[in-house]
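User: I am new to this structure and would like to understand how its descriptive terms are justified. Please take me through the reasoning.

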Amino acid sequence: MVRLLILAMLTNSALSGQSEPAPPVALRKDHREVRHGATVIDEYYWLREKSNPEVVQYLEAENAYTAAMTKDLQPFADALYKEMLGRVKETDLSVPVRRGQWSYYSRTEQGKQYPIQCRRKGEGSEEILLDINALADGKKFVGMGAFMVSDDQNLLAYTADFTGFRQYRLHVKDLRTGELLPDTAERVTSSQWAADNRTIFFTTEDDVTKRSDKLWRHVLGASASQLVYNEKDELYDIEITKSRDKKYLFLNIEAKDTTEARYLKADQPGGQFAVFVPREKGHRYYPDHRENLFYIRTNKQA
């Protein structure tokens, strides 16, 4: 339907003799890289520079051209948006999840773009843990990543991206006082609490490739985080997770067809991660733990 309308608009414009705006043309700039022994020429490499004023100017020209060529579709787009919005329940509540005496849930309010994360103890009053709408105030964008409450349910660790490029920053909030703690980290891709309720493990990504490659240990109040693991193989990404019974932390190391897991008791955060099963080309496995037993999903001989 949209394609037909665009074609009709272009046809009518041509028949009426109206002049159409010229599409912007990106400049070609010589750029050469040697990859695996071969020279690669990319004349549009400069468009990767997001903060370059020339790039911004070109993108704005593209947007202006698109707006001009599709302006006749705007009433249809507005009507379609209103119809879609009319079918959405803007004020809604998620199914609560019980953790101890607390029930955790999120809710949305009409006219607000982002959810509100809440909890309630028994039949008591609601406690707002994080209002993402307030977090987004004054910003063009906010994207939420991790959202984790410590085992004693006194601290909240969450990650937020304000750039739109999935570059998440770690924050820690004291739920007893509402205070944001000074403990932060940049470009965080995954994170988990240890059982002591004061140690956070988190992974970070490479600035250029965005590959998750480093695992860090951070004790609240410490001036710096400790590097625990660095994955050198560019085929692998890493992620920190926790067993469902919260007894173990897992460092998952994964390529397209191969995995390796390392584990550490959650109540011994100062210890070293041990290799569960060494990586073997083509072997994918995923461990979990419950009542003194490890359970492993594996494709070996499967």
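Analyst: The following exchange concerns a predicted model and takes up its strand pairs and its cavity.

User: What makes β6 and β7 a pair of strands?

Analyst: Two strands pair if there are at least two bridges between them. Strand β6 (residues 116-121) and strand β7 (residues 126-131) are joined by five bridges in the antiparallel sense, so the criterion of at least two bridges is met. One of the matched positions is Cys118, whose bridge partner in β7 is Ile128. Four residues lie between the strands of this hairpin, in which Gly122 takes a positive phi near 60°.

User: Why are β8 and β10 said to stand at the edges of their sheet?

Analyst: Three strands form an open sheet in the order β8-β9-β10, with antiparallel pairing. Because β8 (143-149) and β10 (169-174) each have a single partner strand, one side of each is left without a neighbour in the sheet. Neighbouring strands of this sheet are turned by 20° against each other on average, direction ignored.

User: How do you know that β9 and β10 pair?

Analyst: Strand β9 (residues 155-161) shares six antiparallel bridges with β10. The requirement is at least two bridges, so the two strands count as paired. Within the pair, Ala160 is found opposite Arg169 in β10.

User: What makes β19 and β20 another such case?

Analyst: Six bridges join β19 to strand β20 (residues 293-298), and the two run antiparallel. The threshold of at least two bridges is therefore satisfied. Tyr286 has Arg297 as its bridge partner in β20. The hairpin of β19 and β20 has two residues between the strands, and Glu291 takes a positive phi near 50° there.

User: Why is the enclosed space called a cavity, and which residues line the largest cavity?

Analyst: The term cavity is used because a 1.4 Å probe fits at its points but cannot get out. The count comes to one cavity of 30 Å³ or more, and the largest cavity has a volume of about 40 Å³. Its lining consists of Asn252, Ile253, Glu254, Thr259, Glu260, Ala261, Tyr285 and Tyr286. The elements that give two or more residues to this lining are β16 (248-254), β17 (259-265) and β19 (285-290).

User: How is the lining of the largest cavity divided by residue class?

Analyst: The lining comprises four nonpolar, two polar and two charged residues. Tyr counts as nonpolar and Glu as charged, so Tyr285 and Tyr286 in the lining fall in the nonpolar class, and Glu254 and Glu260 in the charged class.

Notes: Residues are numbered from 1 along each chain as its sequence is written. This is a predicted model: local features need pLDDT of at least 70, side-chain atom pairs count only at pLDDT 80 or more; totals for chains, interfaces and linings use all residues. Side-chain values use heavy atoms; hydrogens and water are left out. Axes are lines fitted to C-alpha atoms, for helices over the stretch in contact, and angles run from 0 to 180 degrees between N-to-C directions. On a 1 Å grid over the protein atoms alone, a cavity is a set of points where a 1.4 Å probe fits but cannot get out, and a pocket is an open set with protein on both sides within 12 Å along at least five of seven lines; lining residues have an atom within 4 Å of a point. Grid points are joined across faces, edges and corners, and a volume is the space filled by probe spheres set on the points.
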